[in-house]
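Trainee: I should like to go through this model with you, beginning with single residues and moving on to the wider packing.

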Amino acid sequence: MTEELSGGDLHRLRQLNALTVMRTLRGGSALTLTELAQRTGLSRASTEDVVRDLLERGWVAEAELKVGTVGRPARRYRFRADAGRVLGVDIGGHKVLALLSDLDGEVLHSERVGVDPSMGRMERLAAVDRAIAGALAGAGVSTADVWATGVATTGLVDGTGRVMLSEALPEWTGVDVAAHVSRRVSGPVLVENDSKLAALAESWRGVARYAKDVVFLLAGLRTGAGLIIDGKLHRGFGNAAGEIGALPQVGWIRAQEHLKAWTPGPGAANIFQAARDGDRKAVSAIRRYVKDIAVGASALVLTLDPELVVVGGGFSRSADLILGTLRAELDRRCIRTPEVRASALADEGVALGALRLALDHVDAALNRPGELAAPSSFLA
């Protein structure tokens, strides 16, 4: 006796078929119904039904016909990258930067809000709200259009999106960043350490695009690291991978003091300019700073044997004064010195990494139906 599918089973089957078609079209070239049926394993009739439904709902569109085509070509269909939006937010010491993109990662609008390192949690969270609202308004979309949001923050972050420890920002330890941002946008909110997300951005759109094993150094008013292993962001068992700066002997904590001791008040940007202008004390202070961060960098290189070391963060703009000394220190300590390059993403790298985190969630959710809020509600 043949067992009939219940109404719930049929609904679930339609959802699975639709997600299979969307996943096949996403990120690829436009396909005909016949090609879609072959690649998805669905029957031609089922494929046609699914595509018709997706067209009506605005998630799939007909591709434009090629100019010069002879006869009546078969219709081809593509995934609509503008069917949803993702958001990436960088919560830093001096700025909050929000980037809003389509589902292909094309940035549609960015919103930057200046903040002060001495701000308390309430002021900084208010700046986060303004940056998010500005990004949405600037792109002309509502919170309901956001499928997923990635957020980067300083400090150690747990699996729920709460900051377990942050020494860089006042009153930031214990802040539930995910819960706060979730009240401002729809869809899942994922929170990660800024150094890790800067490393992710480099492997996505930066100088590490073609490298599988990378050590990323976030060099600025503080020092951090992110690790890419076999092409993937490495977090570690407790999400603390790369936190080598917590070891006092490494010298990352005292490294900044060399720059501050140059002269009180003028800021790091001025010390780099002074070094270019021939100030010997500035040159010496920068060299001592680089020698200190090279200790931790060497330990990571010796442990991972990466193909590439990338220097990012605010000081990457002054790579001409950093990379030479860093290479020399790595040569002195390491068995094999990898290529050392400066990031080309400037101060948008962390926010781009947060955006990539959100996009990765969308990609993964399309492979696990029911985990992505927008398609689930759309296919309901």
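Trainee: Which residues does T149 touch, not counting those up to four places away in sequence?

Mentor: A note on the basis comes before the answer. This is a predicted model, in which local features need pLDDT of at least 70 and side-chain atom pairs count only at pLDDT 80 or more, whereas totals for chains, interfaces and linings use all residues. Residues are numbered from 1 along each chain as its sequence is written, and side-chain values use heavy atoms, with hydrogens and water left out. T149 touches L87, V89, V181, V185, P188, V189, L190 and A358, a contact being heavy atoms within 4.5 Å.

Trainee: Where does T149 lie, and is it buried or exposed?

Mentor: T149 lies in strand β7, residues 146-153. Helices (H or I, at least four residues) and strands (E, at least two) are DSSP runs, numbered from the N terminus. T149 counts as buried because its relative accessibility is 0%; buried means under 20% relative accessible area, exposed over 50%, and partly exposed in between, with a 1.4 Å probe and protein chains only.

Trainee: And the chain overall: how many helices and strands, and what share is buried?

Mentor: The chain has 12 helices and 15 strands. Of its 380 residues, 50% are buried. Among contacts with a separation of 6 or more, 65% join residues 24 or more positions apart.

Trainee: Turning to the interior, how many residues are in the largest nonpolar core?

Mentor: That core has 35 residues, and L217, W252, Y289 and L326 have the most contacts inside it. A nonpolar core is a set of buried Ala, Val, Leu, Ile, Met, Phe, Trp, Tyr and Cys residues joined through side-chain atoms within 4.5 Å. The elements that each supply at least two residues include β11 (214-219), α7 (252-260), α9 (280-304), β14 (308-312) and α10 (323-333). α9 gives the most, with 10 residues. Another core, of 31 residues, lies apart from it and has L36, L42, A351 and L359 among its members.

Trainee: What is L326 in contact with, leaving aside neighbours within four places in sequence?

Mentor: L326 is in contact with L217, V290, A294, A297, V311 and V340.

Trainee: Staying with α10, which of its residues are buried?

Mentor: L323, T325, L326, E329 and L330 are buried in α10. They fall within an arc of 160° seen down the axis, so they line one face of the helix; the arc is that of the directions from the helix axis to the C-beta atoms. The buried residues of α10 pack against β11, α9, β14 and β15 (339-342), while D331 and R332 are exposed on the other side.

Trainee: Which residues are buried in α7?

Mentor: The buried ones are W252, A255, Q256, H258 and L259. Their arc is only 145° around the axis, which puts them on the same side of α7. On the other side of α7, I253 and K260 are exposed.

Trainee: How far apart are V309 and V340?

Mentor: V309 and V340 are 31 residues apart in sequence and 4.7 Å apart in space, C-alpha to C-alpha. V309 lies in strand β14 and counts as buried, at 0% relative accessibility.

Trainee: A different topic: how much space lies in the second largest pocket?

Mentor: About 340 Å³. Grid points are joined across faces, edges and corners, and a volume is the space filled by probe spheres set on the points. On a 1 Å grid over the protein atoms alone, a pocket is an open set of points where a 1.4 Å probe fits, with protein on both sides within 12 Å along at least five of seven lines, and lining residues have an atom within 4 Å of a point. Of the 18 residues that line this pocket, L190, V191, E192, R235 and L357 are the closest to its centre. β10 (189-193) and α11 (349-366) each supply at least two lining residues.

Trainee: What is the lining of that pocket by class?

Mentor: The lining has 8 nonpolar, 5 polar and 5 charged residues. Ala, Val, Leu, Ile, Met, Phe, Trp, Tyr, Cys and Pro count as nonpolar, Asp, Glu, Lys and Arg as charged, and the others, Gly among them, as polar.

Trainee: Lastly, what is the phi of A346?

Mentor: Phi of A346 is near 50°, a positive value in a residue other than glycine. A346 is in the loop between β15 and α11. Most residues other than glycine have a negative phi.
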